[in-house]
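Good morning, and thank you for making time on the agenda. I should like to take you through one structure, and I ask that you keep the sequence and the coordinates in view as I speak.

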Amino acid sequence: MRHTHDTHDTHQVPLHFDLDPSVTPALRDGALALWADVSNAGGAVGFVPPVTPDDIRPELVKHFARMAEGGTRLLVGRTEDGAVAATAFLTYNPHRLMKHHLWLYTVMVHPAHQGKGYGRALMAAAQEAARGFDGIEALRLTCRGGTGADTFYAACGYKEVGRVPGAIRVAPGDDRDDIHMMLPL
């Protein structure tokens, strides 16, 4: 899948999305830099600042291993110059009674590109990709409370279907809700 999602502002350069791109050193390094930059800007993607690409590398390797095993697929959004600007990992649900739901993990847009419509474009591309997967009827994701991410996902059509109060501890005395959201396809 290779396509472009235009933003509403005609002055913005659209992202080009690739599903299942080859894992090259450039992709690896771009994804690591993206993840570190998003985390250090306060993005809720599994880390709290400060982090380095080396801190994140073991998690990215786990995602790549699941890709190699066929349980996860990667959607990458690149700028016109080929830089990794957005990612989402689409993961098949391993539970035999929930195989009709697909999980979205590590949904990120580089801080330098936020406010350009790239987040909505990424979510639309993930939805489009999921519709092409056999037997998938819904997308699910979780997000950290207190970040506004749930408001963003709701604007993309996701509905809150559950909440675990205080399940995410970002620092001593700073517990956040783990918000579960779903989008029927």
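I shall discuss the pocket, the backbone, the aromatic rings, the cysteines and two loop regions in turn.

Please bear in mind throughout that this is a predicted model.

Let me begin with the pocket. The largest pocket has a volume of about 1,000 Å³. Its lining comprises 43 residues, and those closest to the centre are Gly43, Ala44, Val45, Val107 and Tyr153. Two or more lining residues come from each of these elements: the helices α1 (25-40), α2 (53-69), α3 (118-131) and α4 (149-155), and the strands β5 (101-109), β6 (138-144) and β7 (159-171). Which element gives the most to this lining? It is β5, which supplies six residues. As to chemical character, the lining divides into 23 nonpolar, 13 polar and seven charged residues.

I turn now to the backbone, where three places deserve a look. The peptide bond from Pro49 to Pro50 is cis, with omega near 0 degrees. Pro50 itself is found in the loop between α1 and α2. The other two places concern phi. Asp20 is a residue other than glycine, yet its phi is positive, near 60 degrees. You will find Asp20 in the loop between β2 (15-19) and α1. Its relative accessibility is 37%, so Asp20 counts as partly exposed. Thr106, also not a glycine, has a positive phi of about 50 degrees. Thr106, however, lies in strand β5, the strand that gives the most to the lining of the largest pocket. Thr106 counts as buried because its relative accessibility is 14%, under the 20% cut-off.

Next, the aromatic rings. The structure holds five aromatic pairs. One of them joins Trp103 and Tyr105; this pair is stacked, with 6.0 Å from centre to centre and 20 degrees between the planes. Are these two partners buried or partly exposed? Trp103 has a relative accessible area of 12% and is therefore buried, whereas Tyr105, at 34% relative accessibility, counts as partly exposed. Elsewhere, ring pairs link Phe152, Tyr153 and Tyr158 into a cluster. Tyr153 has already been mentioned, as one of the residues closest to the centre of the largest pocket.

On the cysteines I can be brief. How many disulfides are there? The count comes to zero. Consider Cys143: the closest cysteine sulfur is that of Cys156, and it lies 11 Å away, so the two are too far apart for a bond. The cut-off for a disulfide is 2.5 Å between the sulfur atoms. Seen from the other side, Cys156 has the sulfur of Cys143 as its nearest cysteine sulfur and is in no disulfide. Cys143 counts as buried, at 6% relative accessibility, and Cys156 counts as buried too, at 17%.

My next region centres on Ile136, in the loop between α3 and β6. Ile136 counts as buried because its relative accessibility is 10%. Leaving aside residues up to four places away in sequence, Ile136 touches Tyr92, Lys99, His100, His101, Leu102, Ala130 and Leu185. Among these partners I would single out His100, which lies in the loop between β4 and β5. His100 and Ile136 are 36 residues apart in sequence, and their C-alpha atoms are 4.4 Å apart in space. By contrast, Ile136 and Trp35 are separated by 101 residues in sequence and by 27 Å in space, C-alpha to C-alpha. With the same exclusion of sequence neighbours, the contacts of His100 are Gly135, Ile136, Glu137 and Ala138. His100 counts as partly exposed, with 30% relative accessibility.

Finally, I should like to show Thr79. Thr79 is found in the loop between β3 (72-78) and β4 (84-92). Why does Thr79 count as buried? Its relative accessibility is 11%, and the limit for a buried residue is under 20%. Beyond residues up to four places away in sequence, Thr79 touches Leu15, His16, Ala85 and His113.

That concludes the tour, and I would be glad to take questions from the group.

Note on methods
Residues numbered from 1 in each chain as written. Predicted model: local features only at pLDDT ≥ 70, side-chain atom pairs only at ≥ 80, totals over all residues. Heavy atoms only, no water. Helix = DSSP H or I, 4+ residues; strand = E, 2+ residues; numbered from the N terminus. Buried < 20%, exposed > 50% of the residue type's maximum accessible area, 1.4 Å probe, protein only. Contact = heavy atoms within 4.5 Å. 1 Å grid on protein atoms, 1.4 Å probe; cavity = no way out; pocket = protein on both sides within 12 Å on 5 of 7 lines; lining within 4 Å. Points joined across faces, edges and corners; volume = space filled by probe spheres on them. Nonpolar A, V, L, I, M, F, W, Y, C, P; charged D, E, K, R; others polar. Phe/Tyr/Trp six-rings, centres within 6.5 Å; stacked < 30°, edge-to-face > 60°.
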